[in-house]
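Please examine the model below with attention to its interior and to its open spaces. The account that follows takes these in turn.

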Amino acid sequence: MLVNNERGALARIAAEIGEADANISHVSMEDGESKDMTKIHFTIQIDDRVHLARIIRNVKHLNGVSKIRREYA
């Protein structure tokens, strides 16, 4: 996902994922398209596609989240 590079962004996203009863098994970060943005990659354990859709919808609405997409492993 692409997020604003600001204090607390990672914490807000991780909290939202945790509140949705998903487990974060891996997180990595890299510079985004500009110095104001950061790419964050989460590997999460979910129950099913409906669970994933709910998590994506909730995270997408968080302040500072610009773009989110699913990547297949």
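The paragraphs below treat the nonpolar core, one buried histidine and the largest pocket.

The model is a predicted one. In soluble globular proteins, nonpolar side chains tend to be buried together. In this model the largest nonpolar core comprises 13 residues, and Met1, Val3, Ile13, Ile17 and Val59 are those with the most contacts inside it. At least two residues of this core are supplied by each of α1 (9–19), β3 and α2. The largest share, three residues, comes from α1.

Val3 illustrates how such a core residue is surrounded. Leaving aside residues up to four places away in sequence, Val3 touches Ala9 and Ile13. Its contacts also include Asp36, Met37, Thr38 and Ile40, as well as Gly64, Val65 and Ser66.

Helix α2 also contains His51. Is His51 buried or exposed? Its relative accessibility is 5%, so His51 counts as buried, the cut-off for buried being under 20%. Beyond residues up to four places away in sequence, His51 touches Ala20, Asp21, Ala22 and Ile46.

The largest pocket holds about 700 Å³ of space. It is lined by 22 residues, of which His41, Phe42, Arg69, Arg70 and Glu71 are the closest to its centre. Two elements, β3 (37–45) and α2 (49–60), give two or more residues to the lining. The largest share, six residues, comes from β3. By class, the lining consists of 14 nonpolar, two polar and six charged residues. Both β3 and α2 thus appear in two settings: each supplies at least two residues of the largest nonpolar core, and each gives two or more residues to the lining of the largest pocket.

Definitions and conventions. Residues numbered from 1 in each chain as written. Predicted model: local features only at pLDDT ≥ 70, side-chain atom pairs only at ≥ 80, totals over all residues. Heavy atoms only, no water. 1 Å grid on protein atoms, 1.4 Å probe; cavity = no way out; pocket = protein on both sides within 12 Å on 5 of 7 lines; lining within 4 Å. Points joined across faces, edges and corners; volume = space filled by probe spheres on them. Helix = DSSP H or I, 4+ residues; strand = E, 2+ residues; numbered from the N terminus. Nonpolar A, V, L, I, M, F, W, Y, C, P; charged D, E, K, R; others polar. Core = buried A, V, L, I, M, F, W, Y, C linked by side-chain atoms within 4.5 Å. Buried < 20%, exposed > 50% of the residue type's maximum accessible area, 1.4 Å probe, protein only. Contact = heavy atoms within 4.5 Å.
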